[in-house]
Structures are given as C-alpha cells and as structure tokens.
Amino acid sequence: MSSFLPRRAWSASAPPYLFRSLEEKLGLVALAIGMIFASAQTVLAHDTTVGSLTVSQPWSRATPGGAKVAGGYLVIRNTGDQPDRLIAATSGISGRTEIHEMAVKDGVMTMRPLADGLTVPAKGEIVLKPGSYHLMFVDLKSGLQEGEPFQAQLTFEKAGSVAFLRRTRDRRQRSCRSWHVDGSCQIYGALT
C-alpha cells in the first residue's frame, strides 16, 4: 500500500490527529488569526449599495488639532436608467454635513455648498474628490485621527438613505495627481 503519508499516519494504531509538531499547530493558529484580520479589513472596505446606487472608496484626511472642518471624498455609481440626486449627508463627527463644490474660475478658487444637491447621472458616476465636489463636515466634535473609521450617511432623492464606514488617511498626503477610471488616485506625495 503506497501513500503520500507515512505508514503510521494511516495505520490503525496511529493517533487520529494529523498535525503532530508544535510548529504545525502554531502555523495553523497564525493562519487563522491572519484570516480573521484580513476579513475584518474586507468588511470595512466593501462597497455599499442602495437601489441602483453604489457608494465606494469613502475616505477623509486626518485633521490637525483644533480643526473645525474636514472634507469627505467617495465615488457614487448609478447603474439605473434614471438619474438620482444626493440631497443630504449626515455624520456623528460634526454638527452638520454639507455637499460642496470647489472650482477655480479666472484664477480664483471658490467653494460653495450645493443647496439643490448633486445629480448622479443614469448609467454614470460622480467622483467626490479634493478640488472638486466633496462633503464638508462642519463644526467637528473632535479631530479625525489617521486610520480611524467613522460612520456617515447619504440621502438620495429616489434611492433613499445609505450608511457606510469612512476611512481616515494621513493628512500629509497631497491631493491626487490623477484620478483613475476606478476612482482611485495617484498621490503627489507627502507634504514636507
């Protein structure tokens, strides 16, 4: 009788367990712990869907001490045949949350709240990113710390409300050099 296992592993007199050494047992424990951490990161990083809308890649920058405002960035995809409108946003980290537009006209940067909200086109997407559309968290209750997630909620005219976790990145990262089709950004680098 030939087998890839030693004779004692498959014989009737062998103990019923397969892993005999301490190293094998510790390896299994380390693998199990790694899988638990990996699955926790996946839960925090998943897309959130409501109706035909998907909210993905939500993030904010960490804030310096004493800051009273912070920006919020994300991608909203609409797979439906009808446009929808982002009409409100809320979060427990700030007194109020506004939908903003930032633009440069004739060399002058302007930022203004969008009272009528932000339209998400049918079969399209809108990217909220630095230097463009974004969420503005006003009257922060405490500073945003790097790596700490917090919950926010978006309300759409047709699809309704959706809550999601938002990640906080290092505040020293500059704006994106270029935005890729998938909504990810290429960072300029760290501020000095």
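Before I point to anything, a word on labels: a strand here is a DSSP run of at least two residues, and strands are numbered from the N terminus. With that in hand, we can place S52, which sits in the loop between β1, residues 48-50, and β2, residues 53-61. Please keep in mind throughout that what we are looking at is a predicted model.

Let me begin with confidence. The chain has a mean pLDDT of 78, and 67% of its residues reach 70 or more. Strand β7, residues 118-120, is where confidence is highest, at a mean of 97, whereas it is lowest in strand β12, residues 176-179, at a mean of 43. Over residues 39-45 the pLDDT is below 50, and that stretch has three contacts in the model beyond near neighbours in sequence. Residues 174-192 also stay under 50, although for them the model has 41 contacts beyond four places in sequence. Where pLDDT is low, the predicted coordinates should not be read in detail.

Now back to S52. Is this residue buried or exposed? It is neither, because its relative accessible area is 27%, and partly exposed covers values between 20% and 50%. Setting aside neighbours within four places in sequence, S52 is in contact with R77, N78, T79 and G80, and with one of these, N78, there is a polar contact between the two side chains, at 3.1 Å. S52 and A122 are 70 residues apart along the chain, yet their C-alpha atoms are separated by 9.3 Å.

Next, the interior. The largest nonpolar core has 25 residues, and those touching the most other members are L74, I76, L86, L135, L154 and F156. At least two residues of this core come from each of several strands, including β3 (69-78), β4 (84-91), β9 (133-140) and β11 (160-169), while β10 gives the largest share, four residues. As for F156, its contacts beyond four places in sequence include V50, L53, I76, L86, V120 and V162.

Finally, two backbone details that I would ask you to look at. K123, in the loop between β7 and β8, has a phi near 55°, a positive value in a residue other than glycine. K123 counts as exposed because its relative accessible area, 58%, is over 50%. D139 is also not a glycine and has a positive phi, of about 60°, but its place is in strand β9. At 42% relative accessibility, D139 counts as partly exposed.

How values were computed
Residues are numbered from 1 along each chain as its sequence is written. This is a predicted model: local features need pLDDT of at least 70, side-chain atom pairs count only at pLDDT 80 or more; totals for chains, interfaces and linings use all residues. Side-chain values use heavy atoms; hydrogens and water are left out. pLDDT is the predictor's confidence in each residue, from 0 to 100. Contact means heavy atoms within 4.5 Å. Buried means under 20% relative accessible area, exposed over 50%, partly exposed in between (1.4 Å probe, protein chains only). A polar contact is a pair of N or O atoms within 3.5 Å; within protein, one must be able to donate a hydrogen and the other to accept it, and residues adjacent in sequence count only if both atoms are side-chain atoms. A nonpolar core is a set of buried Ala, Val, Leu, Ile, Met, Phe, Trp, Tyr and Cys residues joined through side-chain atoms within 4.5 Å.
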